[in-house]
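Here is a set of short exercises to work through with the model open beside you. Try each task before you read its solution.

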Amino acid sequence: MFAKYRTCLILMMTALLGVTATAGAVADDDGLAVEDRSPRVPTFTIHGDLAGHLETFTTRYEDTFAALGNRLALGYLELVKANPGVDPWLPGEGTTIILPRRYVIPDEAQRRGIVINLAEYRLYYFTDDGRVQVYPVGVGTEENPSPLTDAQVVMPLESPAWYPPASIRAEYAASGRPLPRMVPPGPDNPLGTHALLLSEKGYLIHGTNKRFGVGLPVSHGCFRMYNEDIARFVYQVDKGTPVQVIRDPVKIGLSEGEVWLEVHRPHEEYSREDRDHLWQRVLAEVAAFRDRHPAVEVNRRAIERAVERADGLPAMIGEQLTRMAGDEPVEQHPTGDHSAPEQQLYF
């Protein structure tokens, strides 16, 4: 009953205050301004287990990765990992950076509705026509992790009021910043301009008044999007849309006969402990993948490079064997070195 009562309060506050942020405006045929609700990110066709493509961008002197992330709908950490050696706070005039918009589809994903992969700080939205949109999201910290769950979208919210739970009010009070029981819509509201209420009690996908938190583990468990993204996204998603939350730092898949591996380190720094953990995870994932696809061979050095970088960029690590009628399988070696194939294969 309390949950229903709180939901009603949220809706009442939205209606009474009438504060609705626009998602951007375009002109209609009569030249009048109308709200632009088209997605801010590309909608990609999925080829096997791979979608999207890498892009490049030339920075200006005043650019930072935090500002570019908001402008280009990318997360801070994914930009940092994809561009080693580039200062994220001062990339400089005329620096060419990679925009990481190629993705191995998470193996655990149901490929319908919304899938949030905590390990890569990304939200996948599978459209009704079988394509996919990918958004950066902020997720819970180690102390306040986001739940691994199968949920549904209950309803969209415009200009949501925030009712901080007692635990968060106590946390703020301890730091000398007491919170009211209700924070109305506006610039001080951490839910931003729009939100999607989930069936997982207490959790939302919402905007934010702190843009830097998108693409990082910073929340108390909810999922943060840029206001510019969520303000359009809420109008694409229907009530009842499934929401699957997973943690998959190692993704492996097939696309047009090629084997692709994507490895995500959890933080900007890459510790030896994290590296060892990911290596063991990759070992297990590759072994399981080859069990499911026995006609696949992979390249050990390519796998080692992918783990060494853990940059979140898909790397080709092998190929399927081709078979001619009545012949034995013919091996195709990604490295082009045919002199010592036994040294090229991981297994």
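The exercises below go from the whole chain to single helices, loops and open spaces.

This is a predicted model, in which local features need pLDDT of at least 70 and side-chain atom pairs count only at pLDDT 80 or more, while totals for chains, interfaces and linings use all residues. Residues are numbered from 1 along each chain as its sequence is written, and side-chain values use heavy atoms, with hydrogens and water left out.

**Exercise 1. The whole protein**

Describe the secondary structure, burial and contacts of the protein.

Step 1: Start with the elements. There are eight helices and 21 strands; helices (H or I, at least four residues) and strands (E, at least two) are DSSP runs, numbered from the N terminus.

Step 2: Turn to burial. Of the 347 residues, 50% count as buried; buried means under 20% relative accessible area, exposed over 50%, and partly exposed in between (1.4 Å probe, protein chains only).

Step 3: Look at contacts (heavy atoms within 4.5 Å). Among those with a separation of 6 or more, 67% join residues 24 or more positions apart.

**Exercise 2. Helix H6**

Compare the expected span of H6 with the distance between its end C-alpha atoms, then find which side is buried.

Step 1: The expected span is 1.5 Å times one less than the number of residues. For the 21 residues of H6 (residues 272-292) this gives 30 Å, and the end C-alpha atoms are 30 Å apart, which agrees.

Step 2: List the buried residues of H6: Asp274, Arg275, Leu278, Val282, Glu285, Val286, Phe289 and Arg290. They cover an arc of only 125 degrees around the axis, so they sit on the same side of H6; the arc is that of the directions from the helix axis to the C-beta atoms.

Step 3: Check the other side of H6, where Glu273, His277 and Asp291 are exposed.

Step 4: Ask what covers the buried residues of H6. The cover includes strands E18 (250-255), E19 (258-263) and E20 (296-298), along with helix H7 (300-309).

**Exercise 3. Helix H2 and the loop before it**

Work out how enclosed H2 is, and place Thr64 and Glu62 in the loop.

Step 1: H2 is largely enclosed by the rest of the structure, because six of its eight residues are buried. These are Phe65, Ala66, Leu68, Gly69, Asn70 and Leu72.

Step 2: Their cover includes strand E5, helix H3 (76-82), strand E6 (96-99) and helix H5 (227-233).

Step 3: Thr64 lies in the loop between E5 (55-58) and H2 (65-72). Its relative accessible area of 18% makes Thr64 buried, and beyond its neighbours within four places in sequence it is in contact with Pro88, Trp89 and Pro91.

Step 4: Glu62 is in the loop between E5 and H2 as well, but it counts as exposed at 53% relative accessibility. The C-alpha atoms of Glu62 and Gly92 are 7.3 Å apart, although the two residues are 30 apart in sequence.

**Exercise 4. Positive phi**

Is Ser159 buried or exposed, and is Glu256 buried or exposed?

Step 1: Recall the background. Most residues other than glycine have a negative phi.

Step 2: Ser159 has a positive phi near 45 degrees. It is found in the loop between strand E12 (150-158) and helix H4 (166-174), and is buried at 4% relative accessibility.

Step 3: Glu256 has a positive phi near 50 degrees. It belongs to the loop between E18 and E19, and is exposed, with a relative accessible area of 71%.

Step 4: Add Ala73, just after H2, with a positive phi of about 60 degrees.

**Exercise 5. The second largest pocket**

Which residues lie closest to the centre of the second largest pocket, and which element gives the largest share of its lining?

Step 1: The volume is about 470 Å³. On a 1 Å grid over the protein atoms alone, a cavity is a set of points where a 1.4 Å probe fits but cannot get out, and a pocket is an open set with protein on both sides within 12 Å along at least five of seven lines; lining residues have an atom within 4 Å of a point. Grid points are joined across faces, edges and corners, and a volume is the space filled by probe spheres set on the points.

Step 2: Of the 21 lining residues of this pocket, Tyr121, Glu142, Arg247, Pro266 and His267 are the closest to its centre.

Step 3: H6 gives the largest share of the lining, five residues.
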